[in-house]
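Open the model in your viewer, switch to a cartoon view, and keep the sequence panel at hand. We will go from one selection to the next and look at what is there.

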Amino acid sequence: MAAQGYGGRVPDRLECRLVTEGTSSPDGLRIRPLADLDITPIAGIDEKISGRYRPEVWERQIGYYLRRDPEGSVVAELDGEVVGFMLGEVRSGEFGLEEPTGWIEVLGVDPAHRGKAIGRIMAEALLAHFQELGAHSVRTLVDEGAAGLRGFFASLGFEPSTLRPFVKPLPGRQPG
């Protein structure tokens, strides 16, 4: 079955960037663009991480990213099984940043497959794609309490930014 959102074909443009000299990736690992058919395995990975099964959330998220830039988000397959995902895009004019900026917004690696450089390899694919689109930098937001995630991004060369998030809870709503 052909993946939807690609005119009946699955693009393979990102695959040529997958293996770089010196990268110790597991045999059988493949990075490819996100597809509609990835909703169920991504919801499964999210359930393993968060303890909640939310396919409706992932259907909405994946639809958004496929409409924005079908090659701007990737999944990692190991021996044909989706074991990780990274969603992002390039935007301009947000938060006073006029230059094109890549954003890594959502990521997950199946806990059973962590420690295999899967996140790093997905990030390398996205960073290369963002650079091709003219991004001047790549940003993300990480919760201060997420030491593992902070360490992951630091290992990729990300540094704290002078931009600081501000939050105001609205009455009757739980913070998210």
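Start by selecting Gly88 and Ile104: in this predicted model, Ile104 in strand E4 is the bridge partner of Gly88. Now widen the selection to residues 81-91 and 101-109, which are strands E3 and E4. They run antiparallel and are joined by eight bridges.

Next, bring in helix H1, residues 39-50, which packs on the sheet and touches strand E2 (74-78), E3 and E4. The direction of H1 makes about 100° with that of E3. Add helix H2, residues 55-68: this helix also packs on the sheet, touching E3 and E4, and its direction makes about 50° with that of E3.

Now show the whole sheet. Five strands make up an open sheet with mixed pairing, in the order E1-E2-E3-E4-E5. At the edges you will find strand E1 (29-33) and strand E5 (137-139), each pairing on one side only. On average, neighbouring strands are turned by 25° against each other, direction ignored.

Time for side chains. How many aromatic pairs does the structure hold? There are four. Select Trp58 and Phe85 for an edge-to-face pair, 5.2 Å centre to centre with 70° between the planes. This pair links helix H2 to strand E3, with the two residues 27 apart along the chain. Trp58 is buried at a relative accessible area of 4%, and Phe85 is buried at 2%.

Finish with Phe153 and Phe158, an edge-to-face pair at 5.0 Å centre to centre and 70° between the planes. Both residues are buried. Add Phe152 to the selection, and you have a cluster of three residues linked by ring pairs: Phe152, Phe153 and Phe158.

How values were computed:
Residues are numbered from 1 along each chain as its sequence is written. This is a predicted model: local features need pLDDT of at least 70, side-chain atom pairs count only at pLDDT 80 or more; totals for chains, interfaces and linings use all residues. Side-chain values use heavy atoms; hydrogens and water are left out. Two strands pair if DSSP finds at least two bridges between them. Helices (H or I, at least four residues) and strands (E, at least two) are DSSP runs, numbered from the N terminus. Axes are lines fitted to C-alpha atoms, for helices over the stretch in contact, and angles run from 0 to 180 degrees between N-to-C directions. Contact means heavy atoms within 4.5 Å. Rings of Phe, Tyr and Trp (its six-membered ring) pair if their centres lie within 6.5 Å; planes under 30 degrees apart count as stacked, over 60 as edge-to-face and the rest as tilted. Buried means under 20% relative accessible area, exposed over 50%, partly exposed in between (1.4 Å probe, protein chains only).
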